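Subject: Structure handover

Dear colleague,

I am passing on the structure we spoke about, and below it you will find what came out of going through it. Please read the notes with the coordinates open beside them.

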Amino acid sequence: MRFAVVAALTGSFALSQALLSFLWVASGGLGVGFTVTWLVTKVRTSSAPVGDDGGAQILASVLIPFGVYLLAEAMECSGILAAVAAGITMGHSPHAHWQAITRIRRTAVWYTLQLVANGSVFVLLGEQIPSIVAGAGETVRLTGHQNPWWLGVYVLGIVVALAGLRFAWVWTSMMVTFFGMQSLTPISHGQRWRVVAAMSLAGVRGAVTLAGVMTLPLLLGDGAPFPARDLAIALAAGVILMSLVAATVLLPRALRGVALPEASHVVEEDRARAGAAEAAIVALERAQAARLALVSGDAGSAADPYAATTARLIAMYRQRIDPDPAEGATAARRHAADAVDRQLRLLGLRAEREQVLQRGRDRRITEAAQGRMVREIDLQEARYL
């Protein structure tokens with residue numbers, strides 16, 4: 001897109017120069033994003049201030065993508081790829097030194113920023129729709145068509161082409177990954193096509209498309225209006241709207257009566273939970289062994305509160321690994337027991353929160369204590385939800 005815009009602005013295009021520029025734009029952007037993010041992460045990890053409540057770390061995570069974008073653009077590289085590389089690097093950087101409350105707050109901050117960014121694009125589009133549609137109609141007439149309804153024909157053609165590309169891509173991807181899981185729950189050949197159709201219809205967003213098309217310059221180098229800019233924005237908006245309507249109407253019909261196999265991520269998550277519990281057991285046993293090596297007497301006996309607490313926690317983790325080892329409970333029974341446990345825990349937590357709020361209204365606890373206790377209950381409820 002960048003090379004197309006440059007060609008429109010300058011009126012010239014050289015393939016060999018474009019290929020070399022493309023290599024620099026791509027590799028330079030990725031390199032800037034990775035290097036700067038890695039350095040900042042290392043500095044933050046080694047020099048975290050004492051008593052930091054996480055605000056500085058959250059602010060750094062927000063500013064890094066903007067910083068690498070501006071730096072890459074100043075070096076005539078891809079700021080978008082730099083921001084992408086920064087995000088991937090931050091995702092793979094160790095967060096063990098972060099406090100749990102910092103991770104929770106960072107997630108809330110980023111969720112809000114993502115919502116604002118996605119929403120602002122469509123707000124800008126809605127604000128420009130009247131003038132864009134009027135300008136696009138004039139552009140269509142300049143191309144030889146007298147009826148601006150040709151815009152609908154163009155939009156329909158683009159949607160059909162995108163649907164075909166998406167269908168081919170989803171079919172290839174799912175044949176390689178998802179449909180290889182026949183050992184879990186077989187899926188009929190007829191339902192495969194419906195699953196692929198549903199996957200092709202789902203996931204329509206449009207924010208990236210609008211953000212890209214709205215970066216088209218307003219004017220050429222000589223001050224003339226950029227050709228067909230309003231037409232491009234109108235086509236992008238039309239494609240997004242038609243795709244959303246098609247997904248709304250067709251997706252429920254495509255999914256009706258389809259039995260999907262158990263997703264692999266569910267099995268992987270269960271294994272990860274069991275592995276985490278085993279790691280916790282090893283850590284507790286090592287701590288108990290280290291304490292036994294330092295003390296003597298009744299350490300490790302049932303009367304020792306340290307030993308009793310360690311044994312209770314280890315039993316809890318073993319229960320998480322195998323909830324019912326004696327009876328060999330099936331996966332269905334375990335899921336049913338987990339659902340009942342979650343339902344009862346949520347019931348109890350909501351009763352707790354109501355009692356705390358009532359005590360706060362009656363001035364029997366301070367406002368700070370009420371806020372702290374409600375937050376603890378909210379975090380537990382969010383976990384079980």
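Helices here are DSSP runs of H or I with at least four residues, numbered from the N terminus, and in that numbering Thr-37 lies in helix α2, which covers residues 15–46. Please keep in mind throughout that this is a predicted model.

As for the overall make-up, the chain holds 13 helices and zero strands. Of its 385 residues, 27% count as buried, and among the contacts in the chain with a separation of 6 or more, 69% are accounted for by residues 24 or more positions apart.

Helix α3 received the closest reading. This helix, residues 55–74, has 20 residues and reaches 29 Å from its first C-alpha to its last, which is close to the 28 Å expected at 1.5 Å a residue. It is nevertheless bent, by about 35 degrees at Leu-63, and a proline, Pro-65, follows within four residues. The buried residues of α3 are Gln-57, Ile-58, Ala-60, Ser-61, Val-62, Ile-64, Pro-65, Val-68 and Ala-72. When you look at that list along the helix, it may help to recall that an α-helix has 3.6 residues a turn, so residues three or four places apart point the same way. Just after α3, Glu-76 takes a positive phi of about 60 degrees.

The partner to look at next is helix α4, residues 79–92, whose axis comes within 8 Å of that of α3, the two crossing at roughly 145 degrees; the crossing is right-handed. On the α3 side the contact involves Ser-61, Ile-64, Pro-65, Val-68, Tyr-69, Ala-72 and Glu-73, and these meet Gly-79, Ile-80, Ala-82, Ala-83, Ala-86 and Met-90 in α4. By type, the residues of this contact divide into ten nonpolar, two polar and one charged.

Thr-37 of α2 belongs in the same part of the account. With its neighbours within four places in sequence left aside, Thr-37 is in contact with Ile-64, Val-68, Ala-86, Thr-89 and Met-90; of these, Ile-64 and Val-68 are also listed on the α3 side of the contact with α4, and Ala-86 and Met-90 on the α4 side. Thr-37 counts as buried because its relative accessibility is 0%, the cut-off for that class being under 20%.

Turning to the loops, Leu-220 lies between α8 and α9. Leu-220 and Thr-10 are 210 residues apart in sequence, yet 8.3 Å apart in space, C-alpha to C-alpha. If residues up to four places away in sequence are not counted, Leu-220 touches Ala-8, Leu-9, Pro-225, Phe-226 and Pro-227.

Finally, there are two further backbone points that you may wish to inspect. Most residues other than glycine have a negative phi. Ala-228, however, has a phi near 60 degrees, a positive value, and lies in the loop between α8 (207–213) and α9 (229–255); with a relative accessible area of 35%, Ala-228 is partly exposed. Arg-363 likewise has a positive phi, near 65 degrees, and lies in the loop between α12 (331–361) and α13 (367–384). Its relative accessibility is 74%, and Arg-363 therefore counts as exposed, a class that begins over 50%.

With best regards

Methods
Residues numbered from 1 in each chain as written. Predicted model: local features only at pLDDT ≥ 70, side-chain atom pairs only at ≥ 80, totals over all residues. Heavy atoms only, no water. Buried < 20%, exposed > 50% of the residue type's maximum accessible area, 1.4 Å probe, protein only. Expected span 1.5 Å × (residues − 1). Bend = angle between axes of the 7 residues up to and from the residue. Axes fitted to C-alpha atoms, helices over the stretch in contact; angles between N-to-C directions. Left-handed = near helix turned anticlockwise from the far one by under 90°. Contact = heavy atoms within 4.5 Å. Nonpolar A, V, L, I, M, F, W, Y, C, P; charged D, E, K, R; others polar.
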